[in-house]
Amino acid sequence: MCGIVGYTGFKDCASILLKGLKCLEYRGYDSWGFSFLKDENLVTIKKAGKISEAEEIVNDFPRKSFTGIAHTRWATHGFPTDINAHPHFDCRMKIAVVHNGIIENYLELKKELQKEGHIFRSETDTEVIPHLIEKYYQEDILSAIRKAMLRLVGAFGLAIISTDEPNILYGARRGSPLIVGVGDKEMFLSSDINALVTHTRKVIYLDEDEVVKLTPTSFEISTLKEEKMQKEIHTISLDAVSLGKGGLPHFMLKEIFEQPESLHNAFRGRLDYGRAISKLGGLELTQSEMLSVRGIKLLGCGTSWHAALIGKYLFEELARIPAEVDYSSEFRYRDPILLPDTLVIAISQSGETADTLAAMKEAKRKGAKVLGICNVVGSSIARECGRGVYLHAGPEIGVASTKAFTSQLVVLTLLALLFARMKGVMARREGLIALNAIEALPCLAKRVLKKAEKVEKIADLFYRYPNFLYVGRGYQFPIALEGALKLKEISYVHAEGIPAAELKHGPIALIDENMPTVVLATESNILDKVKSNVAEIKARKGKIISIVTEASREMDDLSDFKCSVPPTPHFLAPILSVIPLQLLAYYIATCLGCDVDKPRNLAKSVTVE
Ligand code: G6P
């Protein structure tokens, strides 16, 4: 998804912006661009393609430019071409704008501006912004920006420079995140904290409809009504060093192997053995509010939606609270009914997914209490919810989510456990068993990761198959969906996740010797049922790769290949059984030569609808 970096200070702006753009690469992009202020002129370079190309070009750039903006674009309106890449300009090439988000009323604005004589160069929605600023520009840029913002419908994070104000950088936001980095005689602007951490730990989060004016030594934040805002400067603890690949070839592999640690971080300080319960500081719900919860609605997209599906099983089984799951994108537009005393839980690794943000706002508008489960601290969803639980998984850079998913499952288990114990539907003894089992997870995850080579060998044998099925039942059905999604995302191999018992209602027609099936067959009270479903595949010559519980012989006769995970209570089993599936997808993708960390067409954080 698009990324923004801006700089004003006394250092070489070009190399700072280039470094910033590289930190944003992981978000997914198809083109990039820079504009600098140099001797009262704008110097611009923008191109479709990879940022690696930018290095050579930017190195040839005139030095001694101290203010500039840069952007990675992920096309929404207009093809990924040089001309559509950001920045975009006004008619006189005096104002340069980079933009994240979508301007929904751009066609009508464009017609109006064209009628007034404005000349457009690109097919983007963004280009209306510099022209609107030009239209309203009389005395100062700041008021022109405010007036332009009042005309825009949609979402935007903006960074703006003008040749008339050589050392000033402007930012504005509505719906898309924008963060100010406060340095020593330098100021930064970015849509993503990752681009700031190598320069400063001091940040200010802009709120809705705020505009910021930055000089190297000052920041001035105001609203559309020209009210000056006093904002808190936060010190972030994110360690830029942890953004490296740790000697591994891809971020995704690094993040898969980080799971013992990230699982630990998800429950660290949250297990209360004395009361046999979990403790979650950020819930901001009183005991009586918690006891009055009669239903739970879980929202998410992609992998976070799969975590939500498992959340449903957890809340219903452990806490005996009816739970429903919705895709955020479906929930927000269908005028959903939220019964009184329904708690809404919005799950999002990035905390910036536009559909989830909008869905949680809709739930809030309808009067529901909303909790966020996010990884990125200070992200829009986390701040908008005002209450929730952080994953503390550390930065997840690989586009395909891995460690954040298993941390989401830990946090959902902790929440279900909290409700279960508070409501008195789980005995103290069961509570203690659950806490012990959660605490054992990092060790068990290490044991699974020790078998990575075995998964790599299976990938070597299977990477040429064009289609895969993944099947599971109960808690393992969402893991079948997640395993299939991982494979699709990074290897572009078609895969489907199916509840094992549904095979016979259609998908079994696909089975022959060319259709491998990955079966989730860990110990549970429905393993026998899963075995019968697998026998039906076997009878049709389908090849079986099964994920089983260590020491279990149950699947021996039915499997062509087996991969085992350590025993754990069935409601925690997904956290371990997804790991071999993450590895399988990773190794198949590398066998196929795919760009694992930057899969085609995908973005880490989808900040448009
Ligand atoms: C994008 C990513 C997925 C992710 C989904 C939801 O589509 O490519 O990996 O699962 O967004 O992201 P979130 O940050 O809300 O969990």
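**Exercise 1: a helix on a sheet.** Determine which strands helix 16 (residues 477-491) lies across, and at what angle it runs to strand 24.

*Solution.* Helix 16 lies across strand 23 (467-472), strand 24 and strand 25, and its direction makes about 175° with that of strand 24. Here helices (H or I, at least four residues) and strands (E, at least two) are DSSP runs numbered from the N terminus, and axes are lines fitted to C-alpha atoms, for helices over the stretch in contact, with angles from 0 to 180 degrees between N-to-C directions. The model is a predicted one, in which local features need pLDDT of at least 70 and side-chain atom pairs count only at pLDDT 80 or more, while totals for chains, interfaces and linings use all residues. Residues are numbered from 1 along each chain as its sequence is written, and side-chain values use heavy atoms, with hydrogens and water left out.

The next step is to place a residue of this helix: Ala-484 sits in helix 16 and is buried, with a relative accessible area of 1%, where buried means under 20%, exposed over 50%, and partly exposed in between (1.4 Å probe, protein chains only). Leaving aside residues up to four places away in sequence, Ala-484 touches Tyr-470, Ala-495, Glu-496 and Gly-497, a contact being heavy atoms within 4.5 Å.

**Exercise 2: the order of a sheet.** In what order do strands 23 to 27 stand in their open sheet, and which of them are edge strands?

*Solution.* The order is 24-23-25-26-27, and the pairing is parallel; two strands pair if DSSP finds at least two bridges between them. Strand 24 (494-499) and strand 27 (561-565) are the edge strands, since each pairs on one side only. Averaged over neighbours and ignoring direction, the strands of this sheet are turned by 20° against each other.

Within the sheet, strand 25 (residues 517-521) and strand 26 (residues 544-549) pair in the parallel sense over 5 bridges, and Leu-520 has Ile-547 in strand 26 as its bridge partner. Helix 17 (residues 527-538) packs on the sheet, touching strand 25 and strand 26, and its direction makes about 165° with that of strand 25.

**Exercise 3: the strand between two partners.** How many residues of strand 18 (residues 295-300) are buried, and what follows for its surroundings?

*Solution.* Of its 6 residues, 6 are buried, so strand 18 is largely enclosed by the rest of the structure. In a regular strand, side chains alternate between the two faces of the sheet. Taking the faces in turn, Gly-295, Lys-297 and Leu-299 are buried on one side, and Ile-296, Leu-298 and Gly-300 are buried on the other.

The pairing is then read off strand by strand. Strand 18 runs parallel to strand 20 (residues 342-348), to which 5 bridges join it, and Leu-298 stands opposite Ile-345 there. Strand 18 also runs parallel to strand 19 (residues 323-327), again with 5 bridges, and Lys-297 has Glu-324 in strand 19 as its bridge partner.

**Exercise 4: the largest nonpolar core.** Identify the residues that touch the most other members of the largest nonpolar core, and explain where this core lies with respect to domain 2 and domain 3.

*Solution.* A nonpolar core is a set of buried Ala, Val, Leu, Ile, Met, Phe, Trp, Tyr and Cys residues joined through side-chain atoms within 4.5 Å. The largest one has 95 residues, of which Phe-315, Ile-345, Phe-468 and Tyr-470 touch the most other members. Helix 13 (residues 403-423) gives the most to this core, namely 13 residues. Because domain 2 (252-446) and domain 3 (451-591) both give residues to the core, it lies between them, the bounds coming from an automatic or database domain assignment.

Among the contacts of Phe-315 beyond four places in sequence are Ile-296, Leu-298, Ile-345, Leu-412 and Phe-419. A second, separate core of 28 residues includes Ile-95, Tyr-137, Met-149 and Val-211.

**Exercise 5: backbone particulars.** Which residues does the cis peptide bond before Pro-87 join, and where are Asp-209 and Glu-226, each with positive phi, found?

*Solution.* The cis bond joins His-86 and Pro-87, with omega about 0°, and Pro-87 is placed in the loop between strand 4 and strand 5 (88-89). Asp-209, not a glycine, has phi of about 55°; it is in the loop between strand 11 (202-205) and strand 12 (210-215) and is partly exposed, with a relative accessible area of 24%. Glu-226, also not a glycine, has phi of about 65°; it belongs to the loop between strand 13 (218-223) and strand 14 (228-229) and is exposed, at 54% relative accessible area.
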